[in-house]
Amino acid sequence: QVQLVESGGGLVQPGGSLRLSCAASGSIFRTDAMGWYRQPPGKQRELVATIARSGSTNYADAVKGRFTVSRDNAKNTAYLQMNSLEPEDTAVYYCYSVIGDGTSTFRRYWGQGIQVTVSS
């Protein structure tokens with residue numbers, strides 16, 4: 001059994017910053033790719049950022065230069081540093097992780113989602 005728990009969301013004013021964390025726990029042999037998606041109100045879920053185990057990253061155009069994804073492999077934890085937040089960043093943010101169980105099987109697991117609201 002694997003769980004992903006997100007933390008760090010909340011309400012912030014435009015121009016402010018937040019740092020999201022995503023901690024994976026349970027029967028983990030190895031965490032592979034990790035990352036973040038978001039779902040704005042009334043819209044579909046969209047990719048925000050991904051990070052490979054090696055540390056290579058990929059960002060959606062809308063967040064490039066403002067958001068930074070990082071990870072701590074020893075803690076099975078990913079982070080999303082969000083700066084210069086805009087009202088358009090308001091969404092439920094979901095983390096994911098591709099996790100191996102020590103066999104040849106890797107599965108994608110999702111967090112429960114955390115609300116980020118950018119408003120004055």
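**View 1. Tyr-59 in S6 is the bridge partner of Ala-49.** This is a predicted model, where local features need pLDDT of at least 70 and side-chain atom pairs count only at pLDDT 80 or more, while totals for chains, interfaces and linings use all residues. Residues are numbered from 1 along each chain as its sequence is written, and side-chain values use heavy atoms, with hydrogens and water left out. Strands here are DSSP runs (E, at least two residues), numbered from the N terminus, and two of them pair if DSSP finds at least two bridges between them. S5 and S6 (residues 57-59) do so in the antiparallel sense, over 3 bridges. Their hairpin has 5 residues between the strands, and there Gly-55 takes a positive phi near 105°.

**View 2. Here S4 meets S5 in the antiparallel sense, over 5 bridges.** Look for Arg-38, which stands opposite Glu-46 in S5. The hairpin of these two strands has 6 residues in between, and Gly-42 takes a positive phi near 75° in it.

**View 3. Arg-38 has salt bridges to follow in two directions.** A salt bridge is a side-chain nitrogen of Lys or Arg within 4 Å of a carboxyl oxygen of Asp or Glu, and the structure holds 5 of them. With Glu-46, the closest N and O atoms of Arg-38 are 2.7 Å apart; with Asp-89, the figure is 2.9 Å. Asp-89 sits in the loop between S8 and S9 and Arg-38 in strand S4, so this pair ties together parts that are 51 residues apart in sequence. Buried means under 20% relative accessible area, exposed over 50%, and partly exposed in between (1.4 Å probe, protein chains only). Arg-38 counts as buried because its relative accessibility is 5%, and Asp-89 is buried as well. Glu-46 comes out at 30%, so it is partly exposed. Zoom out a little and you can trace a network of salt bridges that links Arg-38, Glu-46, Arg-66, Glu-86 and Asp-89.

**View 4. Cys-22 and Cys-95 are joined by a disulfide.** The term covers a pair of cysteine sulfur atoms within 2.5 Å, and here the S to S distance is 2.0 Å. A search of the whole structure turns up 1 disulfide. Cys-22 is in strand S3 and Cys-95 in strand S9, so the bond ties together parts that are 73 residues apart in sequence. The link is right-handed, with 55° about the S-S bond, and both cysteines are buried.

**View 5. Strand S11 shows a covered face and an uncovered one.** In a regular strand, side chains alternate between the two faces of the sheet. On the covered face are Ile-114, Val-116 and Val-118, and on the uncovered one Gln-115 and Thr-117. S2 (residues 10-12) pairs with S11 in the parallel sense over 3 bridges, with Leu-11 opposite Thr-117. S9 and S11 run antiparallel, also joined by 3 bridges, and Tyr-93 stands opposite Ile-114.

**View 6. The largest nonpolar core has 28 residues.** Such a core is a set of buried Ala, Val, Leu, Ile, Met, Phe, Trp, Tyr and Cys residues joined through side-chain atoms within 4.5 Å. Leu-20, Trp-36, Val-48, Phe-67, Leu-80, Met-82 and Tyr-93 touch the most other members. Among the strands that each supply at least two core residues are S1 (2-7), S3 (18-26), S4 (30-39) and S9 (91-100).

How values were computed. Helix = DSSP H or I, 4+ residues; strand = E, 2+ residues; numbered from the N terminus.
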